[in-house]
Amino acid sequence: MSALVRIQHVLHGYDRGHRLLAASVELDRAGRQLVDVLSDAAGPELRHDFDGYLTGYPLPDGRYAFACTWYAPEMPRPNCVWTHTLIVEATALAGPGTLAALCDHFRRPTGLSDLEFYRRPTPADLDDARVVTLWRGAPVWAADVLGALYTGHPAYAVGDRHAESVDFVMALSAQQWPQLRSRFSFCTAAQGQRRVGDHPFDLELLVPGRGAWGRPREARPSAPDWARLLAEDLEQPQSGLRDLVAATCGGADSAVAMCLATAWHGTGGLSREFADLLVAHAPSPRQAPGFKRAVFRPGGLLDHGRAASASTLVDLLRRPDVVRTVDPADLGLPQRVVAAWEQSPMETVRLWTQWPADERTGEGFEALTTAVLGNAGPRDLADLLRHEPELIGVVLTTKDGAEWCAAWLELPDPPFGRSVAAALKSAARWRPHVVGTLVGLLPDYPDRAARVVIGLLNLPERAVAASVVAALRAAPRSCVDTLRIRGMIGEDAVRRLLQAPLDPPELALIAELTPPRVLGVVSASELWLPVVPYAWRYTHAPVALLSLGLRHMTPFDDELLGRAYAHLWQRLRADDAQTTWNYCKLMVFPQLGSKPQRGSLTTELGRRTGWRDAEERTRIAAAAETIDPDAAQALREEWLGIL
Amino acid sequence: MSDTSVRIALLGLPQTGKTTYLAAFYNALCDPDVAAPIKIVTLPEQATYLMTILRNWQEARPTGRTATGEQGRVEMRLSHEGDQFTLAMPDMSGELFENVLRERVVPAAVYTTLVEHDAYLVFVHPDELRDRILLTDVAAAKASVAAVTGQRSGPPATVGEEFATKALPLQASMVDLLQAMAELRQGAPCRLAVLISAWDRVGGADGPPDRWLAARMPLLSQYLANAAHLDCAVFGVSAQGGVYDDSGAMADVRPSERAYAVSAGAGRIDITAPVCWAAGLAGAAVNPA
């Protein structure tokens, strides 16, 4: 490929100071200052065997300056030079051989009167596709220099033979992708650190014996494999590597992309060496984004150009440190996970379950979770949870509908119960509506659902138990009945619940669900001290419970409260706890006197507790008479109707 | 003198003798035959640059110009009457100062040189005066022509000549640079020695250095005389000791006898005298401008 390039010329030399002598183009101030400095001698003493050394660097305006510097012994002072700088657009360096081709356009002036050539630009048909190789062999320091150059460090080496240095730079330039070539700064005969603005040159090949800059850098056997491969490629271009670089590396990529591309080419994929290089030298997604995109995008090099597969996903997810180096949008994890699911659901699920516990907050795991939960059916997940009960927490946060909860209830209870409890310990994952769903399933799954709900009630987290109570209150009566029959609320749970800010109907519910013996045990605790005289704790605890409820009762709670009271009464009667029952009335009925809804409550209590016992009926009616004659009359009428 | 650090900057346009003076100065520090009041105690850590210019100087070869992108690092430990001090005296390319005149922008390196030093050696060279024709000369020439030819018009005026710093009179350039320095230093006082290079060729025809300066560079001389913030002295220096020619005769002269300085008050003195004066060392020979 050839390209017509417009070459601008700038000539510097000595005329009572090193200065611009002629130019075909006017540079801006920043460019002019840079060229003024870099066109001067590269050190205090020129070496004739390095005459015609080359310097390349980008200009502030984006163009590229490529210069040849000759010693000027004809000048009156030592260390004077001629420097012919060619200035081309960055796009002119697209071809691998452009820099070498530009060398043909350098022209050394013969004197201060020989300046006309430099005042007009030259159109040039560059042979930019010319093959540039190190036919004399790579210098011994080549791999070492490449290793530094492409891992973000300025590279230095002593070039004993200038021709060798020039060949090396030309071959190196041919390896690079166009944008990197147009940013590449180098000098083939440096004697000190040269800079483009604040940045040191990328590569300086030093004149031997120049002090601290002249220490030979020997080829180290420890030069990385990728750098050795790159050095070999300078001698014998491997089209595969150069094609890879050309296809994957782009304008936004820093030099480190060359290191990565070579390692990828050398190791053939997401090898450990490649991954380690990636993490070490390009840890930020902003580094070498073009190359990373080419590799990691779905259907990219990692997938061998085909659709994303489960195996590549597995490769990726095994290296979360690698995943973090790539822009999530480029990585396409959601796409990859979907593709993996379509190809092998069970492998994807297995991958999900095997994910390290301490890495489960990352994006990879989130994508995997979304895919698994989004694609797996209840039975799939139930099977999964059967084997991986610790994942129930993750599942419950998203799969909390009735269909899903029913599936969970089909799981073997012990692991499921434990897992739910463990999952719900975390407030962040607590979902009250899950409890509502589970409570709603009580009639259909009386045994399992009851065990789960009671298990939740027995959890030490008070908020969980409170939400269970709230759910029960809102649930149909059949749910409560099921739980009452099947469940066994524990002593500690009751104690905790009674310390919670529950409303009266909720207290009533607790009373209904609490076995009398448990209530007795609870009453023996100091919890009831303010409410019940010490000697009566055992028997009077239910009354105290009910009393608490009555203090906060609303008109709409009559039915529920009455139901709880009746339940207590039945229990106490069954236990022959007549004294307790009497105490109930003693404690409760006077309180009713201050309540506007006492009539209906009295009716409710009477209906539920006393209609089978005539003596009791009489006592209740008498008591009711003292409180509300109308209610007592209504109660008698109702009893007559019933009896 | 207590154990202190002295920073002295060398200012001057290209080809005014800064590097040659530095080489001769370094030789005087190291050469036991030179009766200089200061001697070197510790060699600089990075002596490559100094060794390069010293070798050229000792072999009576031009020291070579300092490249634009290069800054000769000179920092050494010296002793004076038993006290030690550190002298930092970087050598910058004259082109950098010239670029300031042309671009009207002070790069960071030049800014550091102009501002962050305790004293300054300003180099001027008789060969670089770049004197231009004065208006008074033109009037006198016109009058002469008219007297001879009877015509009133003189030669056509030069128009459209492109501005070039290399054509500016040296004294105008130096005053401009010193004004810039004064502004950047916000009038902070300092010592400033003017060194007239190649004094061996000037030969004292115009008298001692201060009178030479007043006669040949009146603008600079008057500026210095009226710059209240500057404590000035004028030296003539012959850093090479004479002209280098193809015969190599200068190389046969003992290095300790080649370089010297001259001041009005003290006559011929050793080449380190300007630095000693700028550093404020006791007993330094001076002649205030």
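Start by selecting B:N56 in this predicted model and showing whatever touches it. Skip the neighbours within four places in sequence, and you'll find B:N56 in contact with B:R61, B:P62 and B:T63. Now colour by secondary structure: B:N56 sits in helix 2 of chain B, which covers residues 48-58. Is B:N56 buried or exposed? Its relative accessible area is 5%, and anything under 20% counts as buried, so B:N56 is buried.

**Two helices that cross**

Stay in chain B and select residues 94-103, which form helix 3, together with residues 108-115, which form helix 4. A pair like this is described by two things: the angle between the axes and the distance between them. At what angle do the axes of helix 3 and helix 4 of chain B cross? They cross at roughly 100° and come within 10 Å. Because an angle from 65 to 115 degrees counts as roughly perpendicular, that word fits helix 3 and helix 4 of chain B.

Next, turn on the side chains where the two meet. From helix 3 of chain B, pick B:L96, B:F97 and B:V100; across from them, in helix 4 of chain B, are B:V110, B:T113 and B:L114. Sort the residues of this contact by class and you get five nonpolar, one polar and no charged.

Keep helix 4 of chain B on screen a moment longer. Its buried residues are B:V110, B:T113, B:L114 and B:V115. What do the buried residues of helix 4 of chain B pack against? Show these parts of chain B one by one: strand 1 (4-11), strand 6 (91-92), helix 3, strand 7 (119-124) and helix 6 (170-184).

**Another helix pair**

Still in chain B, jump to helix 8 (residues 209-216) and helix 9 (residues 218-226). Here the axes come within 5 Å and cross at roughly 120°. On the helix 8 side of chain B, click B:L213, B:A214, B:A215 and B:R216; on the helix 9 side, click B:P218, B:L220, B:S221 and B:L224. Grouped by class, the contact of helix 8 with helix 9 of chain B has six nonpolar residues, one polar and one charged.

**Far along the chain, then back again**

Now select B:W199, which belongs to helix 7 (residues 199-202) of chain B. B:W199 is buried, at 6% relative accessible area. Draw a line from its C-alpha to that of B:S238: the two residues are 39 apart in sequence, yet the line spans 5.1 Å.

Try the same trick with B:G280 and B:V6. How many residues apart along the chain are they? The answer is 274, with 9.4 Å between their C-alpha atoms. B:G280 lies in the segment after helix 12 (273-278) of chain B, and its 44% relative accessibility makes B:G280 partly exposed.

**Over to chain A**

Hide chain B and take in chain A as a whole. Chain A has 643 residues, and 57% of them count as buried. Its secondary structure comes to 33 helices and eleven strands. Look at the contacts in chain A with a separation of 6 or more: 68% of them join residues 24 or more positions apart. Switch on a surface too: the accessible surface of chain A is about 26,900 Å², and carbon and sulfur atoms account for 53% of it.

Two loop stops come next. Zoom in on A:R16, in the loop between strand 1 (3-14) and strand 2 (18-23) of chain A. A:R16 isn't a glycine, but its phi is positive, near 55°. With 31% relative accessibility, A:R16 is partly exposed.

Then go to A:A288, in the loop between helix 9 (272-281) and helix 10 (289-296) of chain A. A:A288 also has a positive phi without being a glycine, at about 50°. At 0% relative accessibility, A:A288 is buried.

**Into the cores**

In soluble globular proteins, nonpolar side chains tend to be buried together. Which residues have the most contacts inside the largest nonpolar core? Select A:Y150, A:F168, A:L203, A:F291 and A:F296; the core they belong to has 109 residues. Helix 8 (residues 256-267) of chain A gives the most to this core, with eight residues.

Centre on A:L203 for a closer look. Leaving out neighbours within four places in sequence, A:L203 is in contact with residues including A:V145, A:A155, A:F168, A:L172 and A:F186. Finally, bring chain B back: apart from that core lies another, of 48 residues, with B:L10, B:I53, B:F85 and B:F123 among them.

Conventions: Residues numbered from 1 in each chain as written. Chains lettered and ligands numbered in written order. Predicted model: local features only at pLDDT ≥ 70, side-chain atom pairs only at ≥ 80, totals over all residues. Heavy atoms only, no water. Axes fitted to C-alpha atoms, helices over the stretch in contact; angles between N-to-C directions. Helix = DSSP H or I, 4+ residues; strand = E, 2+ residues; numbered from the N terminus. Parallel < 35°, antiparallel > 145°, perpendicular 65-115°, else oblique. Contact = heavy atoms within 4.5 Å. Nonpolar A, V, L, I, M, F, W, Y, C, P; charged D, E, K, R; others polar. Core = buried A, V, L, I, M, F, W, Y, C linked by side-chain atoms within 4.5 Å. Buried < 20%, exposed > 50% of the residue type's maximum accessible area, 1.4 Å probe, protein only. Areas by Shrake-Rupley, 256 points an atom, 1.4 Å probe, with all protein chains shown as cover.
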